Amino acid sequence: GSITIADVTALVNIILGKGDGNTAAADVNGDGLVTIADVTALVNIVLGKDDGASPVYNHSAADVNGDGNVTIADVTALVNIVLGK
């Protein structure tokens, strides 16, 4: 795989922080770290398992590539970040 501009954007968002300033982009489960656990949380969002009235995960942080949608593309971007790509 190659690094795309979306991955670079996602990484910059993580470095700068996103949203309320306290939760970094891609910290989907809100534990303060960007790890494989966030990938699992993001997959749950993409599959519609966390879309109720009181979501467990941070849906704003789930938009890893910043395109306004939470899709499989965000999963790819997040995996690349976790793997250090």
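What is the mean pLDDT of the chain, and what percentage of its residues reach 70 or more? This is a predicted model, and so I would like to begin with confidence: the mean pLDDT is 81, and 79% of the residues reach 70 or more. There is one stretch that I would ask you to read with caution, namely residues 19-23, over which pLDDT stays under 50 and for which the model has 2 contacts beyond four places in sequence.

Let me turn to the overall layout. The chain has 4 helices and 0 strands, so that reading from the N terminus the elements run α-α-α-α. Of its 85 residues, 29% count as buried, and among the contacts with a separation of 6 or more, 49% are accounted for by residues 24 or more positions apart.

The pair of helices I would like to spend most of my time on is α2 and α4, which pack at an angle of about 180° with their axes 10 Å apart. Because an angle over 145 degrees counts as roughly antiparallel, α2 is roughly antiparallel to α4. On the α2 side the contact is made by I36, D38, V39, L42, V43 and V46, while α4 contributes I72, D74, V75, L78, V79 and V82. Sorted by class, this contact has 10 nonpolar residues, no polar ones and 2 charged ones.

Looking at each helix in turn, the buried residues of α2 are D38, V39, A41, L42, N44 and I45, and the buried residues of this helix pack against α3 as well as α4. In α4, the buried positions are D74, V75, A77, L78, N80 and I81. Each of the two helices is followed by a glycine with a positive phi near 80°, G48 in the case of α2 and G84 in the case of α4.

Now to the nonpolar core. Which residues of the largest nonpolar core touch the most other members? Of the 13 residues in that core, they are V28, L42, A62, V64 and L78, and both α2 (36-46) and α4 (72-82) supply at least two residues to it. As a general background, nonpolar side chains in soluble globular proteins tend to be buried together. To take one of these core members, A62 is in contact, leaving aside its neighbours within four places in sequence, with V28, L42, I45, V70 and D74.

Two individual residues deserve a closer look, and the first topic is D38. Is D38, which lies in helix α2, buried or exposed? D38 is buried, because its relative accessible area is 0%, which falls under the 20% cut-off. Beyond its neighbours within four places in sequence, D38 is in contact with A26, D27, V28, N29, G30, D31, L33 and L78. D38 and V82 are 44 residues apart in sequence, yet their C-alpha atoms are 9.1 Å apart in space.

The other residue is H59, found in helix α3, which covers residues 59-62. H59 counts as partly exposed, because its relative accessibility is 28%. Again leaving aside neighbours within four places in sequence, H59 is in contact with I45, D50, D51 and V70, and its C-alpha atom is separated by 8.3 Å from that of L42, a residue 17 places away along the chain.

To close, I would return to the roughly antiparallel arrangement of α2 and α4, and to the core to which each of these helices supplies at least two residues.

Conventions:
Residues numbered from 1 in each chain as written. Heavy atoms only, no water. Core = buried A, V, L, I, M, F, W, Y, C linked by side-chain atoms within 4.5 Å. Buried < 20%, exposed > 50% of the residue type's maximum accessible area, 1.4 Å probe, protein only. Contact = heavy atoms within 4.5 Å. pLDDT = per-residue confidence, 0-100. Axes fitted to C-alpha atoms, helices over the stretch in contact; angles between N-to-C directions. Parallel < 35°, antiparallel > 145°, perpendicular 65-115°, else oblique. Nonpolar A, V, L, I, M, F, W, Y, C, P; charged D, E, K, R; others polar.
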